[in-house]
Amino acid sequence: MEVLILYNEPGLPADDPDWAAEIGVLDSVESVSSALLAHGHTVRKLGLGSSTSILLEALAGVGQPDVVFNLFEGLGGVSRGESEVAGMIELLGFPLTGCPAECLALVRDKARTKWLLLGAGLPTPQFLMIRPDDPLDENALRSLLAQGAMIVKPAHEDASLGVDSESIVTEWEPLARRIEFVRGRYGAVLVEQFVVGREFNAAVIALDEPECLAVAEIEFSGSGVKGWQIVTYDAKWAPGSSDDVTTPARCPARVDTATARRIEDLAVAAFRLTGCRDYARVDLRMDSRGQIFVLEVNANPDIGPTAGIAPALAVSGVGYDEFVDRIVRTALANRGQKQDACDRVG
């Protein structure tokens, strides 16, 4: 079949702090392209920059591919463009891989996602969301801080943007400073109770019914106090850095069967609740009492050759090329099902 790989053309300057996260999409483009070609598909690539007019012109000129493989992460450095462009593709009638626009918009909003998780009875750490122009509610923040350490991060970003060693705070003044720093660069801020303990990643694929792949654990090392470490921006995007070498992922995680099952069940439940499709990654932490909390749901996570989902596929006995091929075949089948439903209605 003919597959169009849609991705965001990196546009940030090399000295921008978030440059590495943006340019990482190019590795995924090449990996997905190679996998599709290996399965006999015809591949075209379309990189989109910051102009919506160019976007519309480009989409009008691509013809009618059988499937659009969506690797698009943001329009002109604006993260919400990920869901907005996906919505345009859906409205134009192209069969699209990965999570739908509604899901992408939801999980990009960390506070809304956590309210949804809480409403469904899924455990997630306590939190406060602070909008860009909100005055700080010192009483509420101090009350939350009195319960333990807090982590401060952008409320509408992923890929560990804005997360570093100063993101965890235990006192009021550092908390207030960090909030101002994050919202000065990224806008809305999420202040969340920090779960001291172990961190896990659970990749869920739904190329039939949702299933959790082998669970991975971040095995923190280095000089930090055990259980207090986090996955920073540098840990993800600065290969060879101290944060990188002290945060290796082990897959499968060293956990007993019962713990693995609890993680898997929570990951699949969060996947279903947020409307994910095809593939996603759920991040979780477990405290010293064994209680597991859902931190985030990552729709359309990085599926490049060095990303976390690749080893999870391998350990679970699913070949990478096979996984990519199944994604496009599932998207094509879903289009056929929708068309059959429309024909029956008509």
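## Buried charges, paired strands and two cores

In this predicted model, the side chains of D287 and R289 meet in a salt bridge, with 3.5 Å between N and O. The two partners differ in their surroundings: D287 has a relative accessibility of 13% and therefore counts as buried, whereas R289, at 70%, counts as exposed. In general terms, side chains of opposite charge can pair when their charged atoms come close. The structure holds 22 salt bridges, and several of them can be followed along the stretch of chain that leads up to this pair.

One of these joins R285 to E199, whose side chains meet at 2.7 Å, N to O. Because R285 lies in strand β12 and E199 in strand β8 (residues 197-206), the pair ties together parts that are 86 residues apart in sequence. Both ends are buried, R285 with a relative accessible area of 2% and E199 with a relative accessible area of 9%. Another salt bridge is formed by D283 with R281, where the closest N and O atoms are 2.9 Å apart. Here too the partners are buried, for D283 has a relative accessibility of 8% and R281 one of 17%. Elsewhere, K110, K114, K153, E192 and E296 are linked in a network of salt bridges.

Against this background, D278 deserves a closer look. The residue is found in strand β12, which spans residues 278-287, and its relative accessible area of 1% makes it buried. What, then, is the nearest side chain of opposite charge to D278, and how many Å away is it? That side chain belongs to R277 and is 4.6 Å away, and D278, although buried, has no salt bridge. This follows from the cut-off, because a salt bridge requires a side-chain nitrogen of Lys or Arg within 4 Å of a carboxyl oxygen of Asp or Glu. The side chain of D278 does, however, reach the backbone nitrogen of G98 at 2.7 Å. Leaving aside residues up to four places away in sequence, D278 touches T97, G98, V204, I205, A206, L207, F271, I327 and T330. The backbone of D278 is also notable, in that its phi is near 75°, a positive value in a residue other than glycine.

From D278 the path continues along β12 to its pairing with β13, to which it is joined by seven bridges, the two strands running antiparallel. Within this pairing, L284 has V294 in β13 as its bridge partner. The two strands form a hairpin with four residues between them, and in the turn G290 has a positive phi of about 90°. Strand β13 (residues 292-299) is mostly covered, eight of its eight residues being buried.

L284 also leads into the nonpolar interior. The largest nonpolar core has 45 residues, and those with the most contacts inside it are L6, L46, I89, C276 and L284. The largest share of this core, six residues, comes from helix α11, which covers residues 257-273. Apart from it lies another core, of 30 residues, among them A203, Y279, A312 and V318. In soluble globular proteins, nonpolar side chains tend to be buried together. For L6, the contacts beyond four places in sequence are with L46, L48, V68, F69, N70, L71, F72, V85 and I89.

A further part of the model is an open sheet of four strands, in the order β4-β7-β5-β6, with antiparallel pairing. Strands β4 (127-130) and β6 (168-169) stand at the edges, each with a single partner strand, so one side of each is left without a neighbour in the sheet. Strand β5 (residues 150-154) pairs with β6 in the antiparallel sense over two bridges, and M150 stands opposite V169 in β6. In the loop between β5 and β6 lies A159, which has a positive phi of about 60° although it is not a glycine. At 18% relative accessibility, A159 counts as buried.

One more backbone feature completes the tour. The peptide bond from C251 to P252 is cis, with omega near 5°, and P252 has its place in the loop between β11 (249-250) and α11, the helix that supplies six residues to the largest nonpolar core.

Definitions and conventions. Residues are numbered from 1 along each chain as its sequence is written. This is a predicted model: local features need pLDDT of at least 70, side-chain atom pairs count only at pLDDT 80 or more; totals for chains, interfaces and linings use all residues. Side-chain values use heavy atoms; hydrogens and water are left out. A nonpolar core is a set of buried Ala, Val, Leu, Ile, Met, Phe, Trp, Tyr and Cys residues joined through side-chain atoms within 4.5 Å. Buried means under 20% relative accessible area, exposed over 50%, partly exposed in between (1.4 Å probe, protein chains only). Contact means heavy atoms within 4.5 Å. Lys and Arg count as positive and Asp and Glu as negative; His and the chain ends are not counted. A polar contact is a pair of N or O atoms within 3.5 Å; within protein, one must be able to donate a hydrogen and the other to accept it, and residues adjacent in sequence count only if both atoms are side-chain atoms. Two strands pair if DSSP finds at least two bridges between them.
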